[in-house]
Amino acid sequence: MERIELQEFEQVSIDEFFDKEDLISSIPDGIIIFTPHQQDLITNLIAALGKDNPDKIERIQSRLDDIENLAKSIARFPSLLEKTNLTSSQRTPETLIESIISYQEDGDTTLHMPSKAILGKGFLITKIHTFYSMEKLARNYTSMNEKQVKEYADETISMMFTLMAEDVYLNLIKDKTISLELRRQIANLLIILWEHRSDQTISDIAPVLQTVWNARRRLAPAFGTMMGTSELIMVSMQADENWASFIKNRLSTPEVSQAMEEFLFGISHEQVLKLKDILRNQGVKSIGRDEVGAYLGERVKTDVSLDYRDFYLLYTVRRDNARARRRLQLEGPKATLEDYFIKFIMESNMEKQKKDVLAKSFQF
């Protein structure tokens, strides 16, 4: 892993945010350019291109150099994990956390975010596009097998989930049904994400969400009867015990069930209700995804692919719809399925931590 060092600001320990093993793969005061796994993928690709198509190496190496130079530029901005003076005020991680929590206005918060957070988002998107290009190079210009090529696609998708994590954390911080203690923890995670552009929580959850997405694509439930939904739930529950627990404990909640329905069919809650009325009035029991647009009389993107851009695009539509319902106090899910799942995981982890602390207090 490459590290960008900063020397101008007083360092604040982040030990409380990371496990010791995580600290080995993190940068105390700078952005992570490439993780060890990403560096291995880069090394393997360049070696393979060297054997099969050496003329392609210069192009990808140039892009990698651009990413490193971009990271160095971002590293010149003050660390969000350090105490620093900004004009007449002083910013610390603690004051930044309280500022994030207290700001509850609706709308685009871009101009209220630290510069380093905005620049880092562009850096991450550049990395995502680069690894997507690397997958195409590995597939088309090397003798790598399908399993090896898939590693580049998986890494691209993993970074896409990290990009999504920023939105999820911001949504959860505004959720006043969550305890203030947990919202502070989420704000901590958000600041660390802004600082390093890497997030262990999302890295652990990403494979689960990817499995659910793939199951959704393969099973393609029929709208109306919800045929295929139970199969999707059963397949996805086998992927991870946390997801299984989430389904068992939260799917009976109306808003979570509605968010699941949006995720499955790729249409909004409002379109779901409208389509149900149309089918009921016409006596139609069920239709496939490709028929949804015709019945609604509008263009609807319900097709599903493995393209990470499709996943993120459909997520942002559901995110924006949920935010609008919350702002306008409308019926329907006020968060995405991803929000509800990550909220469940964090609340479960906090409850487990409290039980562990309580158990230790009774030990003699």
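These exercises walk through contacts in the structure above, each with a worked solution.

The structure is a predicted model, in which local features need pLDDT of at least 70 and side-chain atom pairs count only at pLDDT 80 or more, while totals for chains, interfaces and linings use all residues. Residues are numbered from 1 along each chain as its sequence is written, and side-chain values use heavy atoms, with hydrogens and water left out.

**Exercise 1. The overall picture**

Find how many helices and strands the protein has, and what percentage of its residues count as buried.

*Solution.*
- Start with secondary structure: there are 15 helices and 3 strands. Helices (H or I, at least four residues) and strands (E, at least two) are DSSP runs, numbered from the N terminus.
- Next, burial: 47% of the 364 residues count as buried. Buried means under 20% relative accessible area, exposed over 50%, and partly exposed in between, with a 1.4 Å probe and protein chains only.
- Finally, look at contacts, meaning heavy atoms within 4.5 Å. Among those between residues at least 6 apart in sequence, 73% join residues at least 24 apart.

**Exercise 2. A salt bridge between two helices**

Work out which parts of the chain the salt bridge of Arg 319 and Asp 167 ties together, and whether each partner is buried or exposed.

*Solution.*
- Check the distance: the closest N and O atoms of Arg 319 and Asp 167 are 2.6 Å apart. A salt bridge needs a side-chain nitrogen of Lys or Arg within 4 Å of a carboxyl oxygen of Asp or Glu.
- Place the partners: Arg 319 belongs to helix H14 (residues 308-328) and Asp 167 to helix H6 (residues 146-173), so the bridge ties together parts 152 residues apart in sequence.
- Check burial: Arg 319 counts as buried at 13% relative accessibility, and Asp 167 counts as buried at 4%.
- Look for shared partners: salt bridges join Asp 167, Arg 319, Asp 320 and Arg 323 into one network.
- For context, the structure holds 20 salt bridges.

**Exercise 3. Two further bridges**

Locate the partners of the Asp 175 to Lys 343 bridge and of the Lys 334 to Glu 255 bridge, and say how accessible they are.

*Solution.*
- Take Asp 175 and Lys 343: their closest N and O atoms are 3.3 Å apart. Asp 175 sits in the loop between H6 and helix H7 (180-196), and Lys 343 in helix H15 (residues 337-361), 168 residues apart. Both Asp 175 and Lys 343 are buried.
- Now take Lys 334 and Glu 255, with closest N and O atoms 3.2 Å apart. Lys 334 is in the loop between H14 and H15 and Glu 255 in helix H11 (residues 254-265), so this bridge ties together parts 79 residues apart in sequence.
- Compare with the cut-offs: Lys 334 is partly exposed at 22%, and Glu 255 is partly exposed at 27%.

**Exercise 4. Phe 161 and the core**

Describe the place of Phe 161 in the largest nonpolar core and its aromatic pair with Phe 311.

*Solution.*
- Begin with the core, which has 91 residues; Phe 161, Trp 243 and Phe 246 have the most contacts inside it. H6 gives the most to this core, with 14 residues. A nonpolar core is a set of buried Ala, Val, Leu, Ile, Met, Phe, Trp, Tyr and Cys residues joined through side-chain atoms within 4.5 Å.
- List neighbours: leaving out residues up to four places away in sequence, Phe 161 touches Ile 202, Ala 206, Leu 209, Gln 210 and Phe 311.
- Turn to the rings: a search of the whole structure finds 8 aromatic pairs. Phe 161 and Phe 311 form an edge-to-face pair, 5.1 Å centre to centre with 75° between the planes. Rings of Phe, Tyr and Trp (its six-membered ring) pair if their centres lie within 6.5 Å, with planes under 30 degrees apart stacked, over 60 edge-to-face and the rest tilted.
- Place the pair: Phe 161 lies in H6 and Phe 311 in H14, so it ties together parts 150 residues apart in sequence. Both Phe 161 and Phe 311 are buried.
- Trp 243 and Phe 246 also join Phe 341 and Phe 344 in one aromatic cluster.

**Exercise 5. A loop threonine**

Find which backbone atoms the side chain of Thr 142 reaches.

*Solution.*
- Locate Thr 142 in the loop between helix H5 (115-141) and H6. Thr 142 counts as buried at 12% relative accessibility.
- Follow its side chain: it reaches the backbone oxygen of Ala 138 at 2.6 Å and the backbone nitrogen of Met 144 at 3.2 Å.

Key. Polar contact = N/O pair within 3.5 Å; in protein donor to acceptor, adjacent residues only side chain to side chain.
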